[in-house]
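Q: Could you walk me through reading an interface and a helix pair?
A: Sure, let's have a look.

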Protein chains: 2
Amino acid sequence: MMLHNVYFWLKDPADADARECLIAGVESLRAIEVIRSLTIGHPAPTEDREVVDSSFDVSEHLVFDSAADQKIYQNHPVHRAFVERCEGLWDRVLVYDSQEV
Amino acid sequence: MMLHNVYFWLKDPADADARECLIAGVESLRAIEVIRSLTIGHPAPTEDREVVDSSFDVSEHLVFDSAADQKIYQNHPVHRAFVERCEGLWDRVLVYDSQEV
């Protein structure tokens, strides 16, 4: 199992339309067959601790069977179309790819 | 649903015993009732891209029903014992808490 966790910082965090547009874009990724699960998030109302980074605006949590499937996803036309349509919305994106031990 | 994703950087990334000790410590958290799922990871062999941070050593991915359950987890004696036993192993820990939208 492989987890692909992505954090987005919007150019304008106050722009609700941009946020909705990004969330709709991430939703469109569900059409990609190799995705085992997809969850979309925003910062949770957990306690304010030094180790917690709650500065992101939207997060995307994907599960794949393997790193090979993640590569298929990266190159998939639906993913490429999402990046092309939405990349103007974010200022920064940060990805953590974890393989289950 | 609430996702609690934690990334650890070991004091000595080459210390296999420290890595195993940390992984065993994270495994011990499974005893905490409010955890819906727990996955332990290390950097996946995905492509080297500017947006991907693969510098961490161990990752921990927890799912809770709510932020309130995450708080119960934080204060749980099994979690406190884990932190006390293992915090000497890591140099840095980074947490992202996401609430499903």
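Q: How many residue pairs are in polar contact across the interface of chain B and chain A?
A: A polar contact is a pair of N or O atoms within 3.5 Å; within protein, one must be able to donate a hydrogen and the other to accept it, and residues adjacent in sequence count only if both atoms are side-chain atoms. Here the rule finds 21 such pairs, both residues at pLDDT 80 or more. Mind that this is a predicted model, where local features need pLDDT of at least 70 and side-chain atom pairs count only at pLDDT 80 or more, while totals for chains, interfaces and linings use all residues. Residues are numbered from 1 along each chain as its sequence is written.

Q: How many salt bridges are there across the interface of chain B and chain A?
A: You look for a side-chain nitrogen of Lys or Arg within 4 Å of a carboxyl oxygen of Asp or Glu. Between chain B and chain A, the count is zero.

Q: What area do chain B and chain A bury between them?
A: Interface size is often given as the accessible area lost when the parts come together. With a 1.4 Å probe, summed over both parts, chain B and chain A bury about 3,100 Å², 60% of it on carbon and sulfur atoms. In chain B, Tyr96(B), Asp97(B) and Val101(B) lose the most, together 19% of what that side buries.

Q: At what angle do the axes of helix α1 and helix α3 of chain A cross?
A: Axes are lines fitted to C-alpha atoms over the stretch in contact, with angles from 0 to 180 degrees between N-to-C directions. Helices are DSSP runs (H or I, at least four residues). In chain A, α1 (residues 16-28) and α3 (residues 77-86) cross at roughly 170°, their axes coming within 9 Å. That makes α1(A) roughly antiparallel to α3(A) (over 145 degrees).

Terms used. Chains lettered and ligands numbered in written order. Heavy atoms only, no water. Helix = DSSP H or I, 4+ residues; strand = E, 2+ residues; numbered from the N terminus. Parallel < 35°, antiparallel > 145°, perpendicular 65-115°, else oblique. Buried area = accessible area lost by both parts, 1.4 Å probe.
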